Amino acid sequence: MEKHMPQISDTIKKNNLKVTANRIRILEFLRESKTPLSAENIYLKLRDNGIAINLSTIYRTLEIFTLNNLVISLNVEGDKKVLYECVGEHHHHYLICLSCSKIISLDYCPLESYEKELEKQLDYTLISHRLVLYGHCPKCKSKQHNLTK
Ligand SMILES: [Zn+2]
Ligand SMILES: [Zn+2]
């Protein structure tokens, strides 16, 4: 954990945000996570690691991070649940099952060439984009199939 401390605090500082121990912990935790996490996930997992941060602090921190583009939020379960992921070096997209909320991360980005084209066409400098795919996973699909039989 220690080795990422300076980098993470630099990232926070760069966005003109106050660097606090909790902010570093939350951002670091998100960055090391392979899947997007909800505020409750973060709260429970940090608590398991002996780090006690109020759930309300986690929510507030995630909101600040989202507003400053350090973190992006994904809506799942018909927008009832929000998951957060760190905006990082590893750009990827997600496939979310609407029935069981299983998330698959996709390493391939189909928008890279489209972005370049748009930049040329519209004279924009594009910073980021979001693409989330929703559907039904094979497991849920077969369950539904059995129900309708
Ligand atoms: Zn599913
Ligand atoms: Zn992409």
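Where does Asn 16 lie? Asn 16 sits in the loop between helix 1 (5-14) and helix 2 (21-32). Before going further, keep in mind that this is a predicted model. Asn 16 makes a handy starting point for a look at the backbone: its phi is positive, about 55 degrees, even though Asn 16 is not a glycine. The residue counts as exposed because its relative accessibility is 74%, and the cut-off for that label is over 50%.

Asp 123 is worth a look next. Again there is a positive phi of about 55 degrees on a residue that isn't a glycine. Asp 123 is found in the loop between helix 5 (112-122) and strand 5 (132-135). With a relative accessible area of 70%, Asp 123 is exposed.

Now zoom out to the whole fold. The protein chain has six helices and five strands, and going along the sequence they come in the pattern α-α-α-α-β-β-β-β-α-β-α. As for packing, buried residues account for 32% of the 149 residues in the chain.

On to the metal site. The zinc ion (ligand 1) has four protein donors: Cys 97 (SG), Cys 100 (SG), Cys 137 (SG) and Cys 140 (SG), at 2.2 to 2.3 Å from the ion. The angles among the four donor atoms run from 102 to 116 degrees, and the site is tetrahedral; that label requires all angles to lie between 85 and 135 degrees. Written as a sequence motif, the spacing of the donor residues is C-x2-C-x36-C-x2-C. One pair, Cys 100 and Cys 140, links distant parts of the chain, with their positions 40 residues apart: Cys 100 belongs to the loop between strand 3 and strand 4 (103-106), while Cys 140 belongs to helix 6 (residues 138-148). Their surroundings can be compared through accessibility. Cys 100 is partly exposed, because its relative accessible area is 40%, whereas Cys 140 is buried, with a value of 5%.

What about other cysteines? Cys 86 counts as buried at 15% relative accessibility, and so does Cys 109 at 8%. How many disulfides does a search of the whole structure find? The search comes back with zero.

Finally, turn to the surface around strand 3. Leu 95 lies in that strand, which spans residues 93-97. Leu 95 counts as partly exposed because its relative accessibility is 34%. Together with Ile 104 and Leu 133, Leu 95 forms a nonpolar patch on the surface, and the three residues have about 220 Å² of accessible area together.

Notes
Residues are numbered from 1 along each chain as its sequence is written. Chains are lettered from A and ligands numbered from 1 in the order in which they are written. This is a predicted model: local features need pLDDT of at least 70, side-chain atom pairs count only at pLDDT 80 or more; totals for chains, interfaces and linings use all residues. Side-chain values use heavy atoms; hydrogens and water are left out. Patches are made of residues with over 30% relative accessible area and no salt bridge: like charges are joined within 9 Å, nonpolar side chains (Val, Leu, Ile, Met, Phe, Trp, Tyr) within 5 Å. Accessible areas come from the Shrake-Rupley method with a 1.4 Å probe; for residues, only the protein chains shown count as cover. A salt bridge is a side-chain nitrogen of Lys or Arg within 4 Å of a carboxyl oxygen of Asp or Glu. Helices (H or I, at least four residues) and strands (E, at least two) are DSSP runs, numbered from the N terminus. Buried means under 20% relative accessible area, exposed over 50%, partly exposed in between (1.4 Å probe, protein chains only). A disulfide is a pair of cysteine sulfur atoms within 2.5 Å. Donors are N, O and S atoms within 2.8 Å of the metal (3.2 Å for Na, K and Ca); water is not among the atoms, so sites may look incomplete. Four donors count as tetrahedral if all angles lie between 85 and 135 degrees; four count as square planar and six as octahedral if opposite donors are over 155 degrees apart and all others between 65 and 115; anything else is irregular.
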